[in-house]
Amino acid sequence: MPFTQPIELNAINAALANCCSVSGRLVTRFILLTTAMLASAAISFGVENPADSPGGKKTAIAGDGGRGGEQRLPDSSAGPPVCLSANNLSIATGQPSQVLMSSGSTHIPVWSLSGSTVGQSVAGLVSGLPRGCAAVKVEIVVTTTDESTSPMDEDVYRCHLSQMVEGAAFTSRYVLGTPVRTSLPAAPLYTRTIVLESYYPVDPNAPLWVRIQREPGDPADSFTHPTGLAMIKVTPLNALPRAHVVQNVRGYNSWPMIQAIGEKLVCVYSRGSAHTIAEDARAVYARTSIDHGKTWTKETVVADTPNDGEVAIGKGLDSAGAMLLWVRRIGSKWNHDLYRSTDGVTFSLVATPKLAVMPIQITDIFEVPTVGLMALWFAGDYGDDGPSHSWGTLASRDDGATWTQATIESELTKPQWPTEPSAVYLGDGRILAVARTEQGGISTARSQFQMVSTDYGATWTRTQTNIGEVVASTPSLVLDAETGLLSNYYYQRGRGILRRRVVDPDCVFDNPLNWPDSEAVATGSRVTFDAGNVNATAIGGTHHLAFYSGEASDTAILVTVLPAPTIDSASPMPCDTSNDTDSDGRPD
């Protein structure tokens, strides 16, 4: 359906004027002619199948985040962006139409993408990426002329990315992008720039194929009218140093917890023979560092109970500043042991609480005024989709010696179930927690949960966020006291990307769809489940992130270090509340 209304196009004109390829012009006509051929070949060779992608195979990628744990700095430009206008794009799938949008003497071509017809996409080819470029960020500029546009509605887009590397099928580097949801503008004629992929590793010497698809079949795409794709913007990104290695001896070194005790880092992890939790061979170990993770002391044993398998599952500090550590111990029955350490070397058992509902896991400990110490827990069965799942809180008024359990929600189905949550206390009785989802499939329904409380954790409201580039991605939150900024770290399994979203918590507390775009801060192996599980802590203005990388049964514990975000670098600042939502997660 073509656009017929005249519109103001200064924003698009400015964006196009600011975009150029490395050679100072848009991609060549030869590449444009190649686009249609490549798009057709992509369909015939079946690149729609994620199983053909690196993320669908359980293999560590040598030199790209394997046991070495190559790290890349977030959003560090390696050169000017390459911009593809509508004239540089061709039909890839379906029957989208190219139309001309006009305002006075200004005429801009766009691709009209239906709000009701599934499967419409257009594609373009980018070459000449700068030498040393390690990855790219992909954005689109879209608009609509429809008078019914409103923040009450959302549209959803995703990108398909691949490279034509010499000697390999271009399907070998194919990535099916995560659907990205955004609210429509309050009036027609306004443009939006949407980040569809913040980090896609590239070979700078190989052409990059970019395909953009609207997803009107996604549950979040409620705008039934067409939208116009005016431009694709591809920004080259630099490579970064490697993460520090904590432990890389043979075995399944996994599920690390990291905690600062003053200026000392303590990294706790478990090791077994495989991705299992109950084997007797699995025990919990610790190392410490006083130079921000560059070097680590000799490994010490935290817990190694005969006939039981043990895993560190949560950490925090008590009122005296000593480290507390939850260890799950599984043998003939399940137990959760709480340990305490003042030096990160010697740990003593504090408590093994008897709980009415036995959790799968108890997560990080944080302090809540008038309550004491608090931790969140979740219970259920990962293999059961039925209403058998629950979550809640544990609270202690005596520094962990005794705990009171409360169930917040029970009889949840697996898609409703928040798992492995991380929480921070914001003040004035407010707590914000983010949890991973066990939802499968690739749609906006697969996104992290947000749970908030305004009464010191007595009652909670659970909603879904717009954080969608997740696959069993455990979050870890860091609230910086000096700036008040909240960082949400999580590892995108299958892609091997450790991501961060930074926000003023007031922007998302009542608006869970307002989380800003993510940035990549490190890379690891691209296996689906045998790597990841980031856990974070802070020392002053520095964040320390522990994760594991490799492939079962041979993985390594890594720590990456980066400066805490500043107000100038946070986005959005100030808050953009156009995406205000009510309790069911829909816009108000």
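Biologist: What makes β18, β19, β20 and β21 an open sheet, and in which order do the strands come?

Modeller: This is a predicted model, and in it the 4 strands run in the order β18-β19-β20-β21, with antiparallel pairing. The two edge strands, β18 (309-317) and β21 (348-351), each pair on one side only. From one strand to the next, the twist averages 35°.

Biologist: How do you know that β18 and β19 pair?

Modeller: Two strands count as paired if there are at least two bridges between them. β18 and β19 (residues 323-330) have 8 bridges, in the antiparallel sense, so they meet that cut-off. If you want a spot to look at, G316 stands opposite L324 in β19.

Biologist: And what holds paired strands together in general?

Modeller: Strands of a sheet pair through backbone hydrogen bonds, either parallel or antiparallel.

Biologist: Let's turn to S447. Why is S447 called buried?

Modeller: Buried means under 20% relative accessible area. S447 has 1%, so it is called buried. You'll find S447 in the loop between β27 (430-437) and β28 (449-453).

Biologist: What makes S447 and T444 a polar contact?

Modeller: The pair of N or O atoms has to be within 3.5 Å. Here the backbone oxygen of T444 lies 3.5 Å from a polar atom of the S447 side chain, so the distance fits the limit.

Biologist: Which cavity has both T444 and S447 in its lining?

Modeller: That's the second largest cavity, whose lining also includes P179, V180, R181, T465, N466, I467 and G468. About 50 Å³ of space lies in that cavity. By class, its lining has 3 nonpolar, 5 polar and 1 charged residues.

Biologist: Why is R181 the charged one?

Modeller: Arg counts as charged, along with Asp, Glu and Lys, so R181 fills that place in the lining.

Biologist: How many cavities of 30 Å³ or more are there?

Modeller: The count comes to 3.

Biologist: What makes the second largest pocket a pocket rather than a cavity?

Modeller: A pocket is an open set of points, whereas a probe in a cavity cannot get out. The second largest pocket holds about 810 Å³ of space. Its lining has 27 residues, and the closest to its centre are V424, L477, V478, L479 and A538. The elements that give two or more residues to this lining are β18, β22 (361-368), β26 (418-427), β30 (476-479) and β34 (532-539). Sorted by class, the lining has 14 nonpolar, 8 polar and 5 charged residues.

Biologist: Now the backbone. What makes H292 worth pointing out?

Modeller: Most residues other than glycine have a negative phi. H292 is not a glycine, yet its phi is positive, about 60°. H292 sits in the loop between β16 (283-289) and β17 (300-303).

Biologist: Why is H292 called partly exposed, while T370 is called exposed?

Modeller: Exposed means over 50%, and partly exposed lies between that and 20%. H292 has 33%, so it counts as partly exposed. T370 has 57%, so it counts as exposed. T370 also has a positive phi, near 70°, and is placed in the loop between β22 and β23 (372-379).

Biologist: How do you know that the peptide bond from A552 to S553 is cis?

Modeller: Its omega is near 5°. Most peptide bonds are trans. As for where to look, S553 lies in the loop between β35 (542-551) and β36 (554-563).

Technical notes
Residues numbered from 1 in each chain as written. Predicted model: local features only at pLDDT ≥ 70, side-chain atom pairs only at ≥ 80, totals over all residues. Heavy atoms only, no water. 1 Å grid on protein atoms, 1.4 Å probe; cavity = no way out; pocket = protein on both sides within 12 Å on 5 of 7 lines; lining within 4 Å. Points joined across faces, edges and corners; volume = space filled by probe spheres on them. Axes fitted to C-alpha atoms, helices over the stretch in contact; angles between N-to-C directions. Buried < 20%, exposed > 50% of the residue type's maximum accessible area, 1.4 Å probe, protein only. Polar contact = N/O pair within 3.5 Å; in protein donor to acceptor, adjacent residues only side chain to side chain.
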